[in-house]
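Let's walk through a structure together, one question at a time. Have a look first, then read on.

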Amino acid sequence: MLAEDNDLNAEIAIELLKEKGMIIDRTKDGIECIDALTKKKPHTYVCILMDIQMPHMDGYEAAKSIRSLKDPSFSSIPIIAMTANAFEEDKQMAMQAGMNDYVPKPMDMKILNPILQKYL
């Protein structure tokens, strides 16, 4: 799943991921992401690429909410933060929110591929 509010960023990410054979569902904010995750059967999604700055509920809050879900098949899903804020403190904030990893924007498949391989 891709949680990304920016249409252009989402389009680019989806195309890059499709080239690698992945099937992507997109949500536009943290609320939609949690809703989509919990409405599907467990293990429908194997990973979430989570933008940090989104309307309604940002990526930090969405990750915290996902980690607090009672069903471990949802709460343990790998979450990879995606953000243009590439400072070490941003990475630390993502990890503290419960995310598993972190990739800077713009998305670079040379960076993302090895991270995805760790979790998929």
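**Helix 6, cysteines and odd backbone spots**

Q: In this predicted model, which residues of helix 6 are buried?
A: Helix 6 covers residues 109–119. Helix residues three or four places apart point the same way, because an α-helix has 3.6 residues a turn. The buried ones here are Met109, Leu112, Asn113, Ile115 and Leu116.

Q: What do the buried residues of helix 6 pack against?
A: One partner is a helix, and the others are strands. The buried residues of helix 6 pack against helix 1 (7–19), strand 3 (48–51), strand 4 (79–83) and strand 5 (101–104).

Q: Which residue caps the N-terminal end of helix 6?
A: Look for a side-chain oxygen that lies 2.9 Å from the backbone nitrogen of Lys110. That oxygen belongs to Asp108.

Q: How many disulfides are there?
A: A disulfide needs two cysteine sulfur atoms within 2.5 Å. The sulfur of Cys33 has its closest cysteine sulfur in Cys47, but at 10 Å that's too far for a bond. Cys47 is in no disulfide either, with the sulfur of Cys33 as its nearest. So the count comes to zero.

Q: Which residue does a cis peptide bond join to Lys105?
A: Omega is about 0 degrees at this bond. The partner sits in the loop between strand 5 and helix 6, and it's Pro106.

Q: Is His43 buried or exposed?
A: His43 is in the loop between helix 2 (30–39) and strand 3, and has a positive phi, near 70 degrees, despite not being glycine. Exposed means over 50% relative accessible area. His43 has 61%, so it counts as exposed.

Methods: Residues numbered from 1 in each chain as written. Predicted model: local features only at pLDDT ≥ 70, side-chain atom pairs only at ≥ 80, totals over all residues. Heavy atoms only, no water. Buried < 20%, exposed > 50% of the residue type's maximum accessible area, 1.4 Å probe, protein only. Helix = DSSP H or I, 4+ residues; strand = E, 2+ residues; numbered from the N terminus. Contact = heavy atoms within 4.5 Å. Polar contact = N/O pair within 3.5 Å; in protein donor to acceptor, adjacent residues only side chain to side chain.
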